[in-house]
Amino acid sequence: MLDLKGYEGALMEGAAVTIQVALLSLLLAVTLGLLGALAKLSSFKPARWLATGYTTVIRGIPDLVLMMLIFFGGQVLLNNSLYSLNQKLNDWLGGGDPAHEWVSYLPDYVEISPFMAGIVTIGFIFGAYMTETFRGAILAVDKGELEAARAYGMRSTLVFRRILFPQMMRHALPGLGNNWLVLLKTTALVSIIGLDDMVRKASLAAGATQLPFTFYMAVAVIFLLFTTLSTSMLKWAERHYAIQTR
């Protein structure tokens with residue numbers, strides 16, 4: 001057994017943060033992936049171009065670089081935008097009066113937390129991968145069934161919910177599961193922007209006790225437990241959708 005020198009509670013707290021980041025990032029990634037896939041298959045050219053540019057850029061830049069860009073650059077961009085909006089509102093509401101006092105109609109400064117930055121970055125990155133996963137899954141669905149549903153008088157939303165989505169999931173689950181496992185491991189990167197996740201807790205404990213192997217081995221074991229449990233749940237989901245679509 002690994003002797004964690006009383007840091008077991010800290011590691012469990014970090015593991016809880018890791019799971020929260022992973023699940024919320026997955027939710028964002030799936031949402032972006034569905035929207036991106038529908039945009040890529042759309043007949044509206046600007047939507048196709050936007051989705052193609054999104055997947056091309058995101059898949060071509062390392063995850064670590066993107067995380068640093070969003071955490072630092074995103075905060076600067078957000079605050080500069082807020083200042084510009086405040087400036088325009090003051091010019092408009094002040095009517096050009098030089099005696100008009102500056103008023104902050106919007107917050108002067110917004111600090112992006114490492115937790116939010118981690119979720120947005122990981123969700124944004126994996127949204128690009130999910131886009132390709134869902135696009136391939138949608139293309140694998142029999143077009144005849146979709147045409148028959150529309151001919152029957154079903155609305156587009158009903159066709160998506162009753163016909164397209166259930167069958168698409170059967171084809172998407174293997175890719176979705178693989179993306180989830182990679183996403184889960186990618187959460188280890190959020191420690192570099194100061195989030196107290198499991199990896200950062202282990203790093204601090206290793207520095208205090210001079211036992212890096214012990215604590216990083218504990219992190220590896222916990223990640224292995226997470227991925228093993230995820231794999232079991234994904235296999236159940238694949239069986240479930242296989243039964244529903246036979």
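Reader: Where does partly exposed lie between buried and exposed, and how is L2 classed?
Author: Buried means under 20% relative accessible area and exposed means over 50%, with partly exposed in between. In this predicted model, L2 has a relative accessible area of 40%. That value falls between the two cut-offs, so L2 is partly exposed.

Reader: Which residues make a nonpolar surface patch with L2, and what is its area?
Author: L2 sits in the segment before helix 1 (8–40). The residues that join L2 in the patch are F213, M217, V221 and L225. The area of this nonpolar surface patch is about 480 Å².

Reader: How many aromatic pairs does a search of the whole structure find?
Author: The search covers the whole structure, and the number of aromatic pairs found is four.

Reader: Is the pair of Y54 and F124 stacked, edge-to-face or tilted?
Author: The ring centres of Y54 and F124 are 5.1 Å apart, with the planes at 50°. Planes under 30 degrees apart count as stacked and over 60 as edge-to-face. An angle of 50° fits neither class, so the pair is tilted.

Reader: How many residues apart in sequence are the parts that this pair ties together?
Author: Y54 belongs to helix 2 (residues 45–60), whereas F124 belongs to helix 4 (residues 114–140). The pair therefore ties together parts whose separation in sequence is 70 residues.

Reader: Is Y54 buried or exposed?
Author: The relative accessible area of Y54 is 16%. Since the cut-off is under 20%, Y54 counts as buried.

Reader: What kind of pair do F71 and F72 form?
Author: Their ring centres lie 4.8 Å apart and their planes meet at 70°. Planes over 60 degrees apart meet the cut-off, so the pair is edge-to-face.

Key: Residues are numbered from 1 along each chain as its sequence is written. This is a predicted model: local features need pLDDT of at least 70, side-chain atom pairs count only at pLDDT 80 or more; totals for chains, interfaces and linings use all residues. Side-chain values use heavy atoms; hydrogens and water are left out. Patches are made of residues with over 30% relative accessible area and no salt bridge: like charges are joined within 9 Å, nonpolar side chains (Val, Leu, Ile, Met, Phe, Trp, Tyr) within 5 Å. Accessible areas come from the Shrake-Rupley method with a 1.4 Å probe; for residues, only the protein chains shown count as cover. A salt bridge is a side-chain nitrogen of Lys or Arg within 4 Å of a carboxyl oxygen of Asp or Glu. Helices (H or I, at least four residues) and strands (E, at least two) are DSSP runs, numbered from the N terminus. Buried means under 20% relative accessible area, exposed over 50%, partly exposed in between (1.4 Å probe, protein chains only). Rings of Phe, Tyr and Trp (its six-membered ring) pair if their centres lie within 6.5 Å; planes under 30 degrees apart count as stacked, over 60 as edge-to-face and the rest as tilted.
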